[in-house]
Amino acid sequence: MWTIKATPKDKIYLRFLDYQMEGSNECKRNFVAVYDGSSSIENLKARFCSTVAHEVTRKTGVGVIRLWADEGSRLSTFRMLFTSFVEPPCTDSTFFCHSNVCINNSLVCNGVQNCAYPLDENHRKEKKKAGLFEQITKTHRTIVGIASGIVLVLLIISILVQVKQPRKKVMACKTAFNKTGFQEEFDPPHSELFSPRDKELSADLSEELDSYRRRGAPPLGRPASATITGDRKYPASNKAGPT
């Protein structure tokens, strides 16, 4: 025998979650009895001996449940949910189940159907459908977060590579640039037109050229040939060669 007591002014709603009665055809010896207020025979409100048991609403705040079974029915089992409620009008701290039941708000969306109809749990589903983000489970949010983090890291790495790659090229060019080699490659060599020996030869050649011109220079268009012997240059004969 089990006795259930609710808080003052509350009533009790009973619902069978599991019910299995051995020897269900022998209702006089194997049954479950539900009493309202006390276990006296006059307070008996329901008795279940078949294969089905339905919910029961108690008008008082005390409920008594008794299991009767003979030797052959001791394996009989049942599991019952009891919920205290008040009658309407419902207050701010209660939830309206149906026409004559208001349950406490703490029982709404708790994963257990506390109303005769699953309005308290359907309210939970409707609340979840309010937004897409609320419908995403914790696991999904974790996966999305990890994937977003990986994408963000790859994006940052890509940006850093794009920024650093041109800089490496410029630095490589600057490293390869050699100022000395550049001057040697492009600066024209600084050299004198005449060495001291060349100056002496030029003076002698100038004297001889003046002497040659006094004797008579060949006409324009008929260059004179020259013979070079050693370091000295001697003019050829003044005979004009063939044009």
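This tour moves through a predicted model, from an annotated helical span to a strand hairpin and then to the salt bridges.

**Stop 1: residues 143-161**

Select residues 143-161, which the unreviewed UniProt entry annotates as "transmembrane region". The span is 100% helix and 0% strand, and its end C-alpha atoms are separated by 27 Å. Next, display the side chains of Ile146, Ile150, Val153, Leu154, Ile157 and Val161, which make a nonpolar surface patch of about 550 Å². Centre the view on Ile150, a residue of helix 3 (residues 138-176). Ile150 has a relative accessibility of 48% and therefore counts as partly exposed.

**Stop 2: the hairpin of strands 8 and 9**

Select residues 94-98, which constitute strand 8. Four of the five residues in strand 8 are buried, so that the strand is mostly covered. Add strand 9, residues 101-104, to the selection; strand 8 and strand 9 pair in the antiparallel sense over four bridges. The two strands form a hairpin, with two residues between them. At the pairing, His98 is positioned opposite Val101 of strand 9.

**Stop 3: the salt bridges**

The whole structure contains five salt bridges. Begin with Glu87 and Lys11, whose side chains meet in a salt bridge at 2.5 Å, N to O. Glu87 lies in the loop between strand 7 (77-85) and strand 8, while Lys11 lies in strand 2 (residues 11-20), so the pair ties together parts that are 76 residues apart in sequence. Glu87 is partly exposed, its relative accessible area being 44%.

Select Arg79 and Asp18 next: their side chains meet in a salt bridge at 2.8 Å, N to O. Because Arg79 belongs to strand 7 and Asp18 to strand 2, this pair ties together parts that are 61 residues apart in sequence. Arg79 is partly exposed, with a relative accessible area of 45%; Asp18 is also partly exposed, at 39% relative accessibility.

Finally, select Arg29 and Asp70, which form a salt bridge with their closest N and O atoms 3.6 Å apart. The pair links distant parts of the chain, 41 residues apart: Arg29 is in the loop between strand 2 and strand 3 (31-36), and Asp70 is in the loop between strand 6 (62-68) and strand 7. Arg29 is partly exposed at 47% relative accessibility. Asp70 has a relative accessible area of 19% and is therefore buried, the cut-off for that class being under 20%. Add Glu26 to the selection to complete the view: salt bridges that share partners join Glu26, Arg29 and Asp70 into one network.

Definitions and conventions:
Residues are numbered from 1 along each chain as its sequence is written. This is a predicted model: local features need pLDDT of at least 70, side-chain atom pairs count only at pLDDT 80 or more; totals for chains, interfaces and linings use all residues. Side-chain values use heavy atoms; hydrogens and water are left out. UniProt positions are given in the numbering used here, feature names are shortened, and annotations may be inferred rather than shown by experiment. Patches are made of residues with over 30% relative accessible area and no salt bridge: like charges are joined within 9 Å, nonpolar side chains (Val, Leu, Ile, Met, Phe, Trp, Tyr) within 5 Å. Accessible areas come from the Shrake-Rupley method with a 1.4 Å probe; for residues, only the protein chains shown count as cover. A salt bridge is a side-chain nitrogen of Lys or Arg within 4 Å of a carboxyl oxygen of Asp or Glu. Buried means under 20% relative accessible area, exposed over 50%, partly exposed in between (1.4 Å probe, protein chains only). Two strands pair if DSSP finds at least two bridges between them.
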